[in-house]
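Hi everyone, thanks for making the time this morning. Let me put the structure up, and then I'll walk you through a strand and a ligand site.

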Amino acid sequence: MTTQIMPNCETCPAYNASSLKKLGVSAEGADYVIALAGNPNTGKSTVFNALTGLRQHVGNWPGKTVARAEGGFTYNDKTYKLVDLPGTYSLLSTSTDEEIARNFILFGQPSVTIVVVDATRLERNLNLALQILQITDRVVVALNLIDEAERHGIEIDVRHLSRKLGVPVVPMAARQMQGIPELLDAVEQVARQKIATKPHRVRQTDAQLEGALNTLIDQIEAIYPGLPNARWVALRLLDGDESIEQAIRDNRLGNLTQPAVLQQPTREPLIAVEAIS
Ligand SMILES: Nc1nc2c(ncn2[C@@H]2O[C@H](COP(=O)(O)OP(=O)(O)O)[C@@H](O)[C@H]2O)c(=O)[nH]1
Ligand SMILES: [Mg+2]
């Protein structure tokens with residue numbers, strides 16, 4: 001299958017306009033927290049505005065001079081809070097933006113992370129998507145700028161990509177509001193755990209490294225039973241990641257073993273982020 005653009009959603013029979021209500025700034029006590037991640041210029045803000053409306057809360061991340069936008073919407077009677085993460089190419093914590101994005105996905109435990117990727121620069125964009133898939137299995141990939149890709153004669157086998165990544169991939173042209181209903185549907189399914197994702201995890205080929213990893217994973221899991229991403233944490237420790245080391249010392253990884261944010265009031269998901277900065 002190649003890329004498919006849905007007709008403009010307002011006229012599409014599948015589009016149930018009444019089920020999306022943009023809430024602007026008022027999404028306190030939301031049922032689900034959704035993080036919006038992606039490289040710069042992939043259309044993150046466009047997706048954000050399409051889902052939440054133009055009114056949004058714009059402030060800074062605690063202790064940082066990096067802008068943070070938050071907004072909300074309801075969809076099929078559930079309330080969603082959407083948090084726009086800084087645009088980054090990576091999550092390996094080499095810059096403040098990357099640290100903020102990574103810590104939010106790791107400690108904020110969003111119900112779903114939408115990764116917006118640029119269909120015209122898929123290979124470069126998949127770097128971030130694959131990194132996020134190492135941390136969380138609750139991901140929806142928004143394959144944006146599909147109109148630009150088509151204009152350049154780029155065809156993407158969306159179903160194959162989705163199978164390979166192990167998470168839903170939604171082709172869209174956010175500026176034209178195309179694909180928004182399908183994105184909402186995929187986000188809802190992952191948030192409510194109606195579909196089981198199976199994220200692509202990078203395997204190590206080096207037996208010695210694999211052995212060291214397994215030893216560490218056992219130790220991490222003994223301290224944090226049920227930690228969803230012990231393998232990723234172990235890899236970061238082997239890489240000498242100081243902020244993860246510190247998080248373990250301060251017992252902050254424990255946040256991850258609690259039930260997901262969706263069962264708790266979500267008023268201040270940033271507290272954990274603040275604590276690590
Ligand atoms: N052609 C096209 N342009 C888009 C689409 N989505 C966003 N844009 C444009 O891409 C530019 C960057 O979008 P923006 O939402 O600011 O990206 P961000 O940096 O990821 O937040 C803007 O000029 C948007 O109007 C799309 O689906 N198709
Ligand atoms: Mg933006």
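Look at strand E6 here, residues 112–118: both of its faces are covered. On one side we have Val112, Ile114, Val116 and Asp118, on the other Thr113, Val115 and Val117, and all of them are buried. That pattern fits the usual picture, in which side chains in a regular strand alternate between the two faces of the sheet. Do keep in mind that this is a predicted model.

So what does E6 pair with? Strand E2, residues 32–38, runs parallel to E6 and is joined to it by five bridges. If you want a landmark, Gly38 has Val116 as its bridge partner in E6. E6 also pairs with strand E7, residues 139–144, again in the parallel sense, over six bridges. There, Asp118 is partnered by Asn144 of E7. Between E6 and E7 the chain passes through helix H3, residues 122–135, and this β-α-β crossover is right-handed.

Now over to ligand 1. Which residues come nearest to it? Of the 16 around the ligand, they are Gly43, Lys44, Ser45, Thr46 and Arg175. By type, the shell divides into four nonpolar, eight polar and four charged residues. Helices H1 (44–52) and H4 (146–151) each supply at least two of them, with H1 giving the most, three residues.

Let's stay with H1 for a moment. Its buried residues are Lys44, Val47, Phe48, Ala50, Leu51 and Thr52. Right after the helix comes Gly53, with a positive phi near 90 degrees.

That's my tour; I'm happy to rotate the view for anyone.

Terms used:
Residues are numbered from 1 along each chain as its sequence is written. Chains are lettered from A and ligands numbered from 1 in the order in which they are written. This is a predicted model: local features need pLDDT of at least 70, side-chain atom pairs count only at pLDDT 80 or more; totals for chains, interfaces and linings use all residues. A residue is near a molecule or strand if its C-beta atom, placed from the backbone, lies within 6 Å of it. Helices (H or I, at least four residues) and strands (E, at least two) are DSSP runs, numbered from the N terminus. Ala, Val, Leu, Ile, Met, Phe, Trp, Tyr, Cys and Pro count as nonpolar, Asp, Glu, Lys and Arg as charged, and the others, Gly among them, as polar. A residue is buried if 20 or more other C-beta atoms lie within 10 Å of its own, exposed if 12 or fewer, and partly exposed in between; C-beta atoms are placed from the backbone. Two strands pair if DSSP finds at least two bridges between them. A crossover is right-handed if, with the strands pointing away from the viewer, the path from the first strand over the helix to the second runs clockwise.
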